[in-house]
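This briefing concerns the metal sites, the nonpolar core and the charged side-chain pairs of one structure. Please keep the sequence and coordinates at hand while reading.

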Amino acid sequence: MDVDIHCNVIKCRRKLSVEGQACVTSCSHIFCLDCAKRSFDKALVCPACKTNLVEENDDMILVQMNPTEEYKSSVLAGLKPDNILDICTRAIAFYEYQTSQELSFQSLLQKNLQDKYKSLKIEKEKHQDLVNECESEKSKSQQLYQQLQEKSKQFQKLQSVYEKLKRKHIGNNLQETFTTPPAAAPVRPMMTRQFNKSDIVPHRSNASTTRIPSPVKSIYSVRSHHRRFYSSADSTTSNRVP
Ligand SMILES: [Zn+2]
Ligand SMILES: [Zn+2]
């Protein structure tokens, strides 16, 4: 299985078979032309392993990623078999190294993805627990709401009965008020008491002279005595005239 070779700059990782040309270094790294130009314009240092490179030593060369048939026919032409085999061996070693690096990178990506998947799975379980808890609370809330509605209906019924009883009680009180006769006025004792002759006190204007009272003055004395009696009878019985 052929493994596609990518630019060794982690942030780039372009697929070099699509790019057409690439820059290979003597430290067994390969870069797209953009990354190579941007890095080597600053310094001749490998962007991947920071190895110092020398242009005159062929530490950096351009290679055709999709060589034509003519290029394949002429690139190793004229070389001795030992050199041809040496070049091919080094090219295969370069490919194996890049393949191993790619596999390591893919393994690292897979591990990160698995860790993220585990984290997401845990978060999903927590989310599901929260959803279940929310559903449970929602069910409890609906039950409480139904109970509240039933209690409200019962309260309205009780209030209606209370209002009916209240109106009935007020009606009965009004009916008793209009049908009950008023209480009799208290009988004053003056109307029932019989006067005796002893109640009539003769009027004496002067103790030294004895006079026969005239009928008019005697009657006045009786009335005056009655007035005192009424006042004493209304206040206390101890002051009653014998
Ligand atoms: Zn690149
Ligand atoms: Zn390098």
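The points below are grouped by topic. The model is predicted. Two zinc ions are treated in turn, ligand 1 with four cysteine donors, Cys7, Cys12, Cys32 and Cys35, and ligand 2 with Cys27, His29, Cys46 and Cys49. The core and the salt bridges then follow.

**Zinc ion (ligand 1)**

- The SG atoms of Cys7, Cys12, Cys32 and Cys35 coordinate the zinc ion (ligand 1) at 2.2 to 2.3 Å.
- Angles among these four donor atoms run from 98 to 119 degrees, and the site is tetrahedral.
- Along the sequence, the donor residues of ligand 1 show the spacing C-x4-C-x19-C-x2-C.
- Because Cys12 belongs to the segment before helix H1 (16-19) and Cys35 to helix H2, this pair ties together parts 23 residues apart in sequence.
- Cys12 is partly exposed at 23% relative accessibility, whereas Cys35 is buried at 6%.

**Zinc ion (ligand 2)**

- The zinc ion (ligand 2) is held by Cys27 (SG), His29 (ND1), Cys46 (SG) and Cys49 (SG), at 2.0 to 2.3 Å.
- Its four donor atoms subtend angles of 105 to 117 degrees, and the arrangement is therefore tetrahedral.
- For reference, the ideal angle for four tetrahedral donors is 109.5 degrees.
- The donors of ligand 2 follow the pattern C-x1-H-x16-C-x2-C along the chain.
- Cys27 and Cys46 link distant parts of the chain, 19 residues apart: Cys27 is in the loop between strand E1 (21-25) and strand E2 (30-31), and Cys46 is in the loop between helix H2 (33-40) and strand E3 (60-64).
- Cys27 counts as buried at 19% relative accessibility, since the limit for that class is under 20%.
- Cys46 is also buried, with a relative accessible area of 0%.

**Nonpolar core**

- The largest nonpolar core has 17 residues, of which Cys7, Leu16, Ile30, Phe31, Phe40 and Leu53 touch the most other members.
- E1, E2 and H2 are the elements that contribute two or more residues to this core.
- Cys7 thus appears both in this group and among the donors of the zinc ion (ligand 1).
- Beyond four places in sequence, Phe40 is in contact with Cys23, Thr25, Val45, Pro47, Leu53 and Met60.
- Thr25, in strand E1, is buried with a relative accessible area of 4%.
- Residues touched by Thr25, again leaving aside those up to four places away, are Phe31, Phe40, Cys46, Leu53, Asp59 and Met60.

**Salt bridges**

- The model contains eight salt bridges.
- One of them joins Glu102 and Arg13, with an N to O distance of 2.7 Å.
- Glu102 lies in helix H4 (residues 81-179) and Arg13 in the segment before H1, so this pair ties together parts 89 residues apart in sequence.
- Both Glu102 and Arg13 are buried.
- Glu69 and Lys72 form a salt bridge at 3.6 Å, N to O; being three residues apart in helix H3 (residues 69-74), they are separated by about one helical turn.
- Glu69 is exposed at 52% relative accessible area, while Lys72 is partly exposed at 48%.
- Lys111 and Asp115 meet in a salt bridge at 3.3 Å, N to O, and both lie in helix H4, four residues apart, about one turn of the helix.
- Lys111 is partly exposed at 48%, as is Asp115 at 38%.
- A network of salt bridges links Arg14, Glu19 and Asp34.

Conventions. Residues numbered from 1 in each chain as written. Chains lettered and ligands numbered in written order. Predicted model: local features only at pLDDT ≥ 70, side-chain atom pairs only at ≥ 80, totals over all residues. Heavy atoms only, no water. Donors = N, O, S within 2.8 Å, 3.2 Å for Na, K, Ca; no water. Tetrahedral: all angles 85-135°; square planar, octahedral: opposite > 155°, others 65-115°. Buried < 20%, exposed > 50% of the residue type's maximum accessible area, 1.4 Å probe, protein only. Core = buried A, V, L, I, M, F, W, Y, C linked by side-chain atoms within 4.5 Å. Contact = heavy atoms within 4.5 Å. Salt bridge = Lys/Arg side-chain N within 4 Å of Asp/Glu carboxyl O.
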